[in-house]
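Here are my notes on the model you sent, set out as numbered points so that each can be checked against the coordinates. I begin with a single side chain and work outwards from there.

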Amino acid sequence: MSRGVKIGLIVGTVALVIGAAVAGAVAVKKKNKATEVRMENVAKHDLVAAVTASGRIEAEKQVDVTADITGRIMHIAVQEGDMVRKGQFLIQIDPVQFEGAVARNEALQASSQASLIQARTNRDQAKRALDRALEIRRGAPDLISPEAVEQSQQAYDVAVSTFAANEAQVEQARAALKEARDNLSRTRLYAPMDGRVVRLAVEVGEVAVPGTFSKETALLMTIADMSSILAKVQVDETDVVRIASGDSVDVTIDAYPDTTFVGKVTKISNAAKLTQTAAGAQTGASDRAVDFDVEITLGNPPADIRPDLSCTARVVTDTRDGVIAIPIIALTVRDHERVPNESVPAPPEDSLRKKFKKRETEGVFVVRDGIATFRAVRVGIAGDEYFEVRDGVREGETIVAGTYQAIRELKDGAKVKAAKDKEKDEAKPEVKAS
């Protein structure tokens, strides 16, 4: 081996050793470097747990005015937005064919009554003839044959049956006339209650039809009592169990951005509404959101409010005064192995339990002497920024309260130090109260 080659090998070996030493030193330095975090002392706070849901404004009482007969609309006496009183005339449907039906049935009733009078006369005459024949047979049997008596009896029976049939025809004609008059009266529609015409779905000249198969097709107008207003919102199945009748609610209406209206929960639906999720609609999957309708009665709605306005409701479900709390961002999840001194009853162990002995547990990082230690906690209600802590930390202890990325990457037992003020805050993730 030449001298130059030997020198090259020696230099290369020395370079590798130096590089490895430098890399090791950098790794050790990096390992010992403290992670910058935001710290906060555990303290007591007043918490308000709430459920937020969106929906629309509705009148507590509204009636859809529909037609019970088919006919062309001849006149509309109101306009959309008009206030009406109960019994006020609204719409006139063409009455010509119904007036003709009334006249026809009146004539039919008169004819039936005339036939009834004739049948009564025939019955009375047949009765008198039968009585004479029977009297003659009793006084002088030889003057009348049995066949004549039998014919008189038969004529009387036929007359009685004819009279009964005519009576039924009169009743039938009377019922038909009543129906015709009822249909004629339905050509004029009147307001069923006091309120405002919030929707006028037809115009003069259109044909009104009964809503046998489609309510939307038969709708003529909608009248709503705007004196009592509801906010009807859809609440997710995971939140509806925390809402109760009488809960206080703050309602914001998009049309009134600077005003918050106060209300109370008055009705919670027992049946869910299934709606296709956006992800399911895009992928064609059968994913459906399960929501429940919750009705909120507004205490003092504005006078010019209208139905179908978009609104958002914040339902207060629980409150806590002066309880130990931690920032929502501080709560994280880590694999947690139960230690012997934990006050948790140990169920019988089997092979499956041993396999999954470690499980994810909610907790916080408690800082002591610059070391962050993960500690499991038991939380209660959630406010806007803080979780109630029922067990796990004490007032005055220092915990890691940010940033979100630092908490996500932080390891149990890692060194930490307080971050500078300029790095103090970042956007908190939106967390749904539990």
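**Notes on the predicted model**

1. Arg-174 has a relative accessible area of 35% and is therefore partly exposed. This is a statement about a predicted model, as is everything that follows. The side chain of Arg-174 forms a salt bridge with that of Glu-171, with an N to O distance of 2.6 Å, and Glu-171, at 48% relative accessibility, likewise counts as partly exposed. The two residues are three places apart in helix α3, and so about one helical turn separates them. An α-helix has 3.6 residues a turn, so residues three or four places apart point the same way.

2. Helix α3 itself covers residues 146-185, and its 40 residues should span 58 Å at 1.5 Å a residue; the C-alpha atoms at its ends lie 59 Å apart, which agrees with that expectation. The buried residues of α3 are Val-149, Ser-152, Tyr-156, Ala-159, Phe-163, Asn-166, Val-170, Ala-173, Leu-177 and Ala-180, and the element against which they pack is α2.

3. On the α2 side, Gln-109 deserves a look, since this residue of helix α2 (residues 96-139) has a relative accessibility of 13% and therefore counts as buried. Once neighbours within four places in sequence are left aside, Gln-109 is in contact with Ala-173, Arg-174 and Leu-177. Two of these contacts, Ala-173 and Leu-177, appear among the buried residues of α3, whereas Arg-174 is the partly exposed residue of the opening point.

4. A further salt bridge joins the side chains of Arg-123 and Asp-124, at 3.2 Å from N to O. Arg-123, at 23% relative accessibility, counts as partly exposed, and Asp-124, at 30%, is also placed in the partly exposed class.

5. How many salt bridges does the structure hold? The count is 15, and one of them brings together the side chains of Lys-273 and Asp-293, with an N to O distance of 3.9 Å. Because Lys-273 lies in strand β11 and Asp-293 in strand β12, this pair ties together parts that are 20 residues apart in sequence. Lys-273 counts as partly exposed at 40% relative accessibility, while Asp-293, with a relative accessible area of 12%, is buried. Elsewhere, salt bridges with shared partners link Asp-318, Arg-320 and Glu-388 into one network.

6. The largest nonpolar core contains 27 residues, and those that touch the most other members are Ile-57, Val-233, Val-235, Val-251, Ile-253, Ile-296 and Leu-298. Two or more residues each are given to this core by β2 (43-66), β9 (219-236), β10 (248-253), β11 (256-276), β12 (288-298) and β13 (310-327). Of these elements, β9 makes the greatest contribution, with six residues.

7. What does Val-235 touch, if residues up to four places away in sequence are not counted? The residues are Val-51, Ala-53, Val-240, Ile-243, Val-290, Asp-291, Phe-292 and Val-294. A second core, separate from the largest one, has 20 residues and includes Ile-93, Met-193, Val-202 and Ile-223.

8. Thr-317, in strand β13, offers a view of how distant parts of the sequence meet. Thr-317 and Asp-247 are 70 residues apart in sequence, yet their C-alpha atoms are 6.5 Å apart in space. With neighbours within four places in sequence left aside, the contacts of Thr-317 are Ala-49, Ala-50, Val-51, Arg-242, Ile-243 and Asp-247. With one of these, Arg-242, Thr-317 also shares a side-chain polar contact of 3.3 Å. Val-51 and Ile-243, which are in contact with Thr-317, are also touched by Val-235.

9. For the chain as a whole, the secondary structure comes to eight helices and 20 strands, and 32% of the 434 residues are buried. Among contacts between residues at least 6 apart in sequence, 78% join residues at least 24 apart. The accessible surface comes to about 27,300 Å², and carbon and sulfur atoms account for 50% of that area.

Definitions and conventions: Residues numbered from 1 in each chain as written. Predicted model: local features only at pLDDT ≥ 70, side-chain atom pairs only at ≥ 80, totals over all residues. Heavy atoms only, no water. Core = buried A, V, L, I, M, F, W, Y, C linked by side-chain atoms within 4.5 Å. Buried < 20%, exposed > 50% of the residue type's maximum accessible area, 1.4 Å probe, protein only. Helix = DSSP H or I, 4+ residues; strand = E, 2+ residues; numbered from the N terminus. Contact = heavy atoms within 4.5 Å. Areas by Shrake-Rupley, 256 points an atom, 1.4 Å probe, with all protein chains shown as cover. Expected span 1.5 Å × (residues − 1). Polar contact = N/O pair within 3.5 Å; in protein donor to acceptor, adjacent residues only side chain to side chain. Salt bridge = Lys/Arg side-chain N within 4 Å of Asp/Glu carboxyl O.
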